[in-house]
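This briefing goes with the structure shown below. The notes are grouped by topic and can be checked against the coordinates.

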Amino acid sequence: MERTDFKMNTTPSSERLHIAIFGKRNAGKSSLINAITNQPIAIVSDMPGTTTDPVYKSMEILPLGPVVLIDTAGIDDEGILGKLRVEKTLEVLNKTDIAILVVSDIDDLTYEKQLAKLFDEKKVQKIGVLNKIDKDPNYKEKLSFLQSSLGMPFLAVSCVTLKGIDELKSSLSKLVPDVGEDLRIVGDLINPGDFVVLVVPIDKAAPKGRLILPQQQTIRDILDSDAIAIVTKEYELKETIENLGKKPAIVITDSQAFLKVDADTPPDIPLTSFSILFARYKGDLVEFVEGVRKIKDLKPGDTVLIAEACTHHRQSDDIGTVKIPRWLRQIAGFDINFEWVSGYNYPKDLTKYKLIIHCGGCMITRREMLFRVELAKKQGVPITNYGLMIAYVHGILPRALKPFGIEFEY
């Protein structure tokens, strides 16, 4: 699992509702963010193009709760740099839960119509805002025109007087996507009162004084399920199980300790890893299983992409740049080429790769992870996950998938 540091007293960005503000230059996108938050979050200027790259701000907004507000560059930006900024703006849609389209001038809606079409194509919840109504007494006629022209609901607001802002917040709360009550990390695999043993190696890559994000989120999900989380290191696992007095419902390990944990966990106790749990929670476990089967089809000279959702300090025996390439070359018996990407730098063209191995994705939203999976599927490139790949090369994937009811044969 990738090592990820974050503030323990805040909701992780990957678990927050992502609300992005779109529109032409000088439509009032940044002003709208300031009005919604009632704080001077974004830089506001009369000069078009003040916002260049997308700006992300984590906030708590009632009645929405924890959100990430994204201020984007104008969709009508010009020139070579402008084109690059527009590309960055459109990439934001891959992680957007709710899109707000800001309009202040209805003379030419060419760009707005393009955005509205993209919202529909990406299946993003959307709402429009007619801004600067404090300067326009005839705004009601424009409001009706926008709704019919763009095929989406519009609200009238003034970022100066804050008129309509509370109504906008209320409307946003009704657009929150329903991800389903069954979307759990491990809660659907356990019952109240169950013991769940978590194996957490404390090595040089572990952040000092804290657990990594997937471990913390799994513990929280166990507690929310009224079960008991027992945390131990890999070298104390055998003793921990022997002294529990009750058989654990499941053992969950860091993928890098899979071999030892498999050896020390009795065969009648279910076993999986944090990374495999997140393959299901953030992505598409079935698609990742199909992807890991393609390892046996790799040929000498093939190129494999290793993708991580976060950027972190590389250790001497780093999982992504050292261990996974070594294990794959060992199991293949020949040389394989590798390329690496991290953070938001995910390639649009994946056709040069024979396989993608992705981290657990704890630092990106489920929406963005599913976008990455779908992009690979459309281009015919198999994709799998760190935990699945590690279990595969160590010969224990059938056991690691058994808790999910998935049969696997080599």
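**Surroundings of Lys282**

In this predicted model, a polar atom of the Lys282 side chain lies 3.3 Å from the backbone oxygen of Cys362. The backbone oxygen of Ile364 is 2.7 Å from a polar atom of that side chain.

- Lys282 belongs to helix 9, which covers residues 274-282.
- With a relative accessible area of 2%, Lys282 falls under the 20% limit and therefore counts as buried.
- Apart from neighbours within four places in sequence, the contacts of Lys282 include Ser14, Glu15, Gly360, Gly361, Thr365, Arg366, Met369 and Leu370.
- One of these contacts, Gly360, is located in the loop that runs between strand 13 and helix 12 (366-378).
- Gly360 is buried because its relative accessibility is 2%, under the 20% limit.
- The C-alpha atoms of Gly360 and Tyr386 are 6.7 Å apart in space, with the two positions 26 residues apart in sequence numbering.

**Strand 11 and its partners**

- Strand 11 spans residues 303-308, and 6 of its 6 residues are buried.
- Thr303, Leu305 and Ala307 point one way from strand 11, while Val304, Ile306 and Glu308 point the other way.
- In a regular strand, side chains alternate between the two faces of the sheet.
- Strand 12 (residues 337-342) runs parallel to strand 11 and is joined to it by 6 bridges; within this pairing, Val304 stands opposite Phe338.
- Strand 13 (residues 355-358) also pairs with strand 11 in the parallel sense, over 4 bridges, and Ile356 is the bridge partner of Leu305.

**Salt bridges**

- The whole structure contains 18 salt bridges.
- Lys24 and Glu112 form a salt bridge through their side chains, at 3.5 Å from N to O.
- This pair links distant parts of the chain, 88 residues apart: Lys24 is in the loop between strand 1 (17-23) and helix 1 (29-37), and Glu112 is in helix 3 (residues 110-122).
- Both Lys24 and Glu112 are buried.
- Lys247 and Asp268 form a salt bridge whose closest N and O atoms are 3.6 Å apart.
- Asp268 has a relative accessible area of 49%, so it ranks as partly exposed.
- Asp262 and Arg399 meet through their side chains in a salt bridge of 2.8 Å, N to O.
- Here Asp262 in helix 8 is linked to Arg399 in helix 14 (residues 397-401), 137 residues apart.
- Arg399 is buried because its relative accessible area, 19%, is under 20%.
- Glu287, Glu374 and Lys377 are linked in a salt-bridge network.

Key:
Residues are numbered from 1 along each chain as its sequence is written. This is a predicted model: local features need pLDDT of at least 70, side-chain atom pairs count only at pLDDT 80 or more; totals for chains, interfaces and linings use all residues. Side-chain values use heavy atoms; hydrogens and water are left out. Helices (H or I, at least four residues) and strands (E, at least two) are DSSP runs, numbered from the N terminus. Buried means under 20% relative accessible area, exposed over 50%, partly exposed in between (1.4 Å probe, protein chains only). A polar contact is a pair of N or O atoms within 3.5 Å; within protein, one must be able to donate a hydrogen and the other to accept it, and residues adjacent in sequence count only if both atoms are side-chain atoms. Contact means heavy atoms within 4.5 Å. Two strands pair if DSSP finds at least two bridges between them. A salt bridge is a side-chain nitrogen of Lys or Arg within 4 Å of a carboxyl oxygen of Asp or Glu.
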